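Biologist: Please take a close look at one buried position in this chain and its immediate setting. I should then like the account to be carried outward, from that position to the packing of the helices, the nonpolar cores and the unusual backbone geometry.

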Amino acid sequence: MIETLGYVPDGAAQSLSRKRKEVVGLAAVENRSPESDVEQMSLLFVDEVLRGVEGSLGEIGWSLLISFLRAGDSAYKRLQSMSGKVDGLLIAEGIVGSQQLARLSARLPIALVAGSPDEPYVDVVDADNRAGTKALVGHLVEQHGRMRLFYVAGPSDAPDARARRSAFAEALTEHPAATLAGSFEGRFSEISGQLAAREILARPRGELPDAVVCGNDQMAIGVMREFANGGLRVPADVAVVGFDDIYVGTLLAPSLTTVRQPMRLLGERACSRLLERIADPSLPHQVELLPTELIVRESCGCPSGARPARAQAGS
């Protein structure tokens with residue numbers, strides 16, 4: 001019966017069940033690709049989210065319990081255990097499914113960071129992936145005439161990856177002259193981009209795409225590095241663009257055109273929403289989409305040395 005109900009013993013709370021622990025949990029996906037080296041050179045998604053969360057908690061003197069998990073049943077068991085130690089949980093990047101979220105949210109407040117906006121049982125704070133991806137495609141097609149687009153997607157179990165891939169497909173339908181020149185499903189890592197680039201480089205010269213749209217910056221960096229090794233020039237032969245706006249993208253030659261998502265603000269807003277729900281569990285569930293921003297640099301074909309242009313990604 002205890003296992004069926006999903007009960008997790010909380011020894012410290014037996015006599016203090018009404019007193020808050022003043023601790024919030026943050027659960028994120030373990031590095032999906034240990035071969036990648038870009039992760040060692042830049043502030044990545046979870047690092048920035050963590051800074052935002054810590055900033056919010058620091059203002060009220062609460063503590064943060066962090067756990068990195070692999071998606072699946074074992075993650076759910078770890079989250080169950082974690083739930084007995086915290087007042088609320090922040091869960092990043094689609095670690096568990098909707099039914100598991102429903103069971104967890106019956107026990108304690110939960111907010112998703114970069115989760116699916118369709119989740120019915122929890123609060124969600126996400127970036128506007130749709131607007132950002134469509135802004136990238138629009139820029140490539142309308143400003144540079146790039147019509148043969150290859151897409152390097154993130155993992156299908158990541159909500160952001162699914163949203164960006166869907167938005168890419170939608171953007172193609174809005175530009176009938178543009179065509180899909182191929183796709184590759186990666187793991188949000190540099191090695192994924194390298195593997196996608198090798199697949200492209202194996203094609204006859206006449207079948208190459210004229211732009212590669214990547215689901216995040218790490219994969220775009222992998223594509224650019226492999227193209228350089230294979231003698232393909234960016235952007236003269238093929239444009240390459242990413243998503244996230246990590247710092248290392250500014251150091252490349254050519255510098256990386258991308259979409260900036262407010263990673264630190266995602267952490268701040270998700271934590272604020274979670275604290276509101278801890279204070280009042282009866283609040284209606286809410287989805288908040290934060291705006292993204294097109295950051296135009298050189299890898300799309302814009303002039304070298306030009307000041308990076310910023311355009312708000314519109315819906």
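**A buried alanine and its surroundings**

Modeller: Ala161 has a relative accessible area of 5% and is therefore buried, since the cut-off for that class is under 20%. The model is a predicted one, and every value in this account is computed from it. Ala161 sits in helix H6, which covers residues 159–174. Beyond its neighbours within four places in sequence, Ala161 contacts three residues, namely Gly154, Pro155 and Phe188. Phe188 is 27 residues away from Ala161 along the chain, yet the two C-alpha atoms are 8.5 Å apart.

The helix that carries Ala161 also packs against another helix. Two packed helices are described by the angle between their axes and the distance between those axes. For H6 the partner is helix H5 (residues 129–144), and the two axes come within 8 Å and cross at roughly 45°. At that angle H5 and H6 count as oblique to each other, because the value falls outside the ranges for roughly parallel, roughly antiparallel and roughly perpendicular. The crossing of H5 with H6 is right-handed. On the H5 side, the contact is formed by Asn129, Arg130, Thr133, Lys134 and Val137. H6 contributes Asp160, Ala163, Arg164, Ala167, Phe168, Glu170, Ala171 and Glu174. Sorted by class, the contact of H5 with H6 contains six charged, five nonpolar and two polar residues.

A second helix pair may be set beside this one. Helix H2 (residues 45–58) and helix H9 (residues 263–279) have axes that come within 7 Å and cross at roughly 45°. H2 and H9 are therefore oblique to each other, and their crossing is right-handed. From H2, the residues in the contact are Phe45, Glu48, Val49, Arg51, Gly52, Val53, Ser56 and Leu57. They meet Met263, Arg264, Leu266, Gly267, Glu268, Cys271, Ser272 and Leu275 of H9. The class composition of the contact between H2 and H9 is eight nonpolar, four polar and four charged residues.

From the helix pairs the account moves to the nonpolar cores. The largest of them has 27 residues, and Val152, Val212, Cys214, Val223, Phe227 and Val240 have the most contacts inside it. Two or more residues of this core come from each of strand S6 (148–153), helix H7 (190–201), strand S8 (211–214) and helix H8 (217–230). H8 supplies the largest share, with six residues. Cys214 shows how such a core residue is surrounded: leaving out residues up to four places away in sequence, Cys214 touches Val152, Met219, Ala220, Val223, Val240, Val241, Gly242 and Phe243. Separate from this core is a second one of 24 residues, which includes Val49, Leu57, Val113 and Ile278. Val49 and Leu57 also belong to the H2 side of the contact with H9.

The backbone has several features that merit inspection. Most residues other than glycine have a negative phi, and most peptide bonds are trans. Against that background, the peptide bond from Val234 to Pro235 is cis, with omega near 5°. Pro235 is located in the loop that runs between H8 and strand S9 (239–241). Another cis peptide bond links Ala253 to Pro254, where omega is about 5°. Pro254 belongs to the loop between S9 and strand S10 (258–260). That loop also holds Asp244, a residue other than glycine with a positive phi of about 130°. Asp244 counts as buried because its relative accessibility is 5%. Glu22, also not a glycine, has a positive phi near 60°. Glu22 is placed in the loop between helix H1 (2–5) and strand S1 (23–29). With a relative accessible area of 42%, Glu22 is partly exposed, as the value lies between the limits of 20% and 50%.

Finally, these details may be placed in the setting of the chain as a whole. The protein chain contains nine helices and 13 strands. Of its 315 residues, 56% are buried, and Ala161 and Asp244 are among the buried ones. Of the contacts between residues at least 6 apart in sequence, 71% join residues at least 24 apart. The contact of Ala161 with Phe188, two residues 27 apart along the chain, is an example of such a long-range pair.

Definitions and conventions
Residues are numbered from 1 along each chain as its sequence is written. This is a predicted model: local features need pLDDT of at least 70, side-chain atom pairs count only at pLDDT 80 or more; totals for chains, interfaces and linings use all residues. Side-chain values use heavy atoms; hydrogens and water are left out. Axes are lines fitted to C-alpha atoms, for helices over the stretch in contact, and angles run from 0 to 180 degrees between N-to-C directions. Helices (H or I, at least four residues) and strands (E, at least two) are DSSP runs, numbered from the N terminus. Angles under 35 degrees count as roughly parallel, over 145 as roughly antiparallel, 65 to 115 as roughly perpendicular and the rest as oblique. A crossing is left-handed if the near helix is turned anticlockwise from the far one by less than a right angle, and right-handed if clockwise. Contact means heavy atoms within 4.5 Å. Ala, Val, Leu, Ile, Met, Phe, Trp, Tyr, Cys and Pro count as nonpolar, Asp, Glu, Lys and Arg as charged, and the others, Gly among them, as polar. Buried means under 20% relative accessible area, exposed over 50%, partly exposed in between (1.4 Å probe, protein chains only). A nonpolar core is a set of buried Ala, Val, Leu, Ile, Met, Phe, Trp, Tyr and Cys residues joined through side-chain atoms within 4.5 Å.
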